[in-house]
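Let's take a walk through this one together. Have the viewer open and follow along as we go.

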Amino acid sequence: LKNKENAAQASALLGQAKELTEADKLEESLKLLREARQMDPRNSVIRTVLVNSLLSLAVQKKDTKDWEGAEPLIRELLEIKPNHPPALSLQNQLGDQKKEEFVSWCLAQARRMQRQDDYEGALALVQQGLEADPKEARLQQLRATLVQRHAEAVQTGSKIVPGPPPPVNAGPGPTPAILGSAAVAGGSEAS
């Protein structure tokens, strides 16, 4: 009797969740779907709707670069349905986007430091970028240029600004923590 009650309540929650989804209230819908799944964990319709809703919301968050919002949704989806191809693909895309933004940020900051004759700081930033993506050609090229310019500056006795780079989390731009190990691993799998 309790199972039938739970199944009926879960079915009602599923109906409410579908209405919320149609009203473009995905986050509220997910709460109801999670509750429905707890009440009736064997219901494949609830599980499928929950998986699809998690994926839809994760895609929305990825598209707005809300990585911190997308990642837990993808993890939850993969806990429900491991090896879900679209979720795994989205996870890799997310890692690639985060890595690209971090590399672009490193490049911009290193070039700014280069203009200020801070070759050591610029090289340190380029190195951080290369740790995230060792095969990144733009970073390799900038590193070669910086090494050459630094050597020329030392030979000519030009003013070289010593010192470490500013913390990576200073100013706008992603931090290495945003990348996380999954992003770096995801990026290397795609290589």
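**A tour of the fold**

R138 is partly exposed, with 34% of its relative area accessible. Keep that arginine in view, as we'll come back to its partner shortly. One thing to say up front is that what you're looking at is a predicted model.

Zooming out, the protein chain has 8 helices and 0 strands. Reading from the N terminus, the order of elements is simply α-α-α-α-α-α-α-α. Of the 191 residues in the protein chain, 38% are buried. The exposed surface of the chain comes to about 11,000 Å², with carbon and sulfur atoms supplying 51% of it. As for how the chain folds back on itself, take the contacts with a separation of 6 or more: residues 24 or more positions apart account for 60% of them.

Now for the inside. In soluble globular proteins, nonpolar side chains tend to be buried together. Here, the largest nonpolar core has 27 residues, and the members that touch the most others are L30, L33, L50, L54, L73, I74 and L77. Which elements give two or more residues to this core? They are α1 (2–22), α2, α3, α4 and α5. L33 makes a handy place to stand and look around: leaving out residues up to four places away in sequence, L33 touches L14, A17, I46, V49, L50 and S53. There's also a second, separate core of 17 residues, and Y119, L139, L142 and A153 are among its members.

On to the charged side chains. How many salt bridges does the structure hold? There are 8. Start with K61 and E27, whose side chains meet in a salt bridge at 3.1 Å, N to O. K61 sits in helix α3 (residues 44–63) and E27 in helix α2 (residues 26–39), so this pair ties together parts that are 34 residues apart in sequence. Buried or exposed? K61 is buried, at a relative accessible area of 16%, while E27 counts as partly exposed at 44%. The pair isn't on its own, either: E27, K61 and D66 are linked in a network of salt bridges.

Next, pull up K98 and E71, where the salt bridge is 2.4 Å, N to O. K98 lies in helix α5 and E71 in helix α4 (residues 67–80), so the pair ties together parts that are 27 residues apart in sequence. K98 counts as buried, with a relative accessibility of 2%. E71 comes in at 24%, so it counts as partly exposed; the cut-off for buried is under 20%.

And here is the partner promised for R138: the side chain of E100 meets that of R138 in a salt bridge of 3.0 Å, N to O. E100 belongs to helix α5 and R138 to helix α7 (residues 137–156), so parts that are 38 residues apart in sequence are tied together by this pair. E100 is partly exposed, with a relative accessibility of 36%, and R138 is partly exposed as well, at 34%.

While you're at E100, look across to E136. E136 has its place in the loop between α6 (119–132) and α7. Despite being in a loop, E136 is buried, at a relative accessible area of 11%. Setting aside neighbours within four places in sequence, E136 is in contact with E100, V103 and L130.

Let's finish on helix α5. A search of the whole structure finds 1 aromatic pair. A pair of aromatic rings is described by the distance of the centres and the angle of the planes. For F102 and W105, the ring centres are 6.4 Å apart and the planes lie at 20 degrees, so the pair is stacked; the cut-off for stacking is planes under 30 degrees apart. Both residues lie in helix α5, 3 residues apart, which is about one turn of the helix. F102 and W105 are both buried.

Further along, Q109 lies in helix α5 too (residues 85–115). Q109 is buried, with a relative accessible area of 18%. What does its side chain contact? The side chain of Q109 makes a polar contact with the side chain of R112, at 3.1 Å.

Methods: Residues numbered from 1 in each chain as written. Predicted model: local features only at pLDDT ≥ 70, side-chain atom pairs only at ≥ 80, totals over all residues. Heavy atoms only, no water. Helix = DSSP H or I, 4+ residues; strand = E, 2+ residues; numbered from the N terminus. Buried < 20%, exposed > 50% of the residue type's maximum accessible area, 1.4 Å probe, protein only. Polar contact = N/O pair within 3.5 Å; in protein donor to acceptor, adjacent residues only side chain to side chain. Salt bridge = Lys/Arg side-chain N within 4 Å of Asp/Glu carboxyl O. Core = buried A, V, L, I, M, F, W, Y, C linked by side-chain atoms within 4.5 Å. Contact = heavy atoms within 4.5 Å. Phe/Tyr/Trp six-rings, centres within 6.5 Å; stacked < 30°, edge-to-face > 60°. Areas by Shrake-Rupley, 256 points an atom, 1.4 Å probe, with all protein chains shown as cover.
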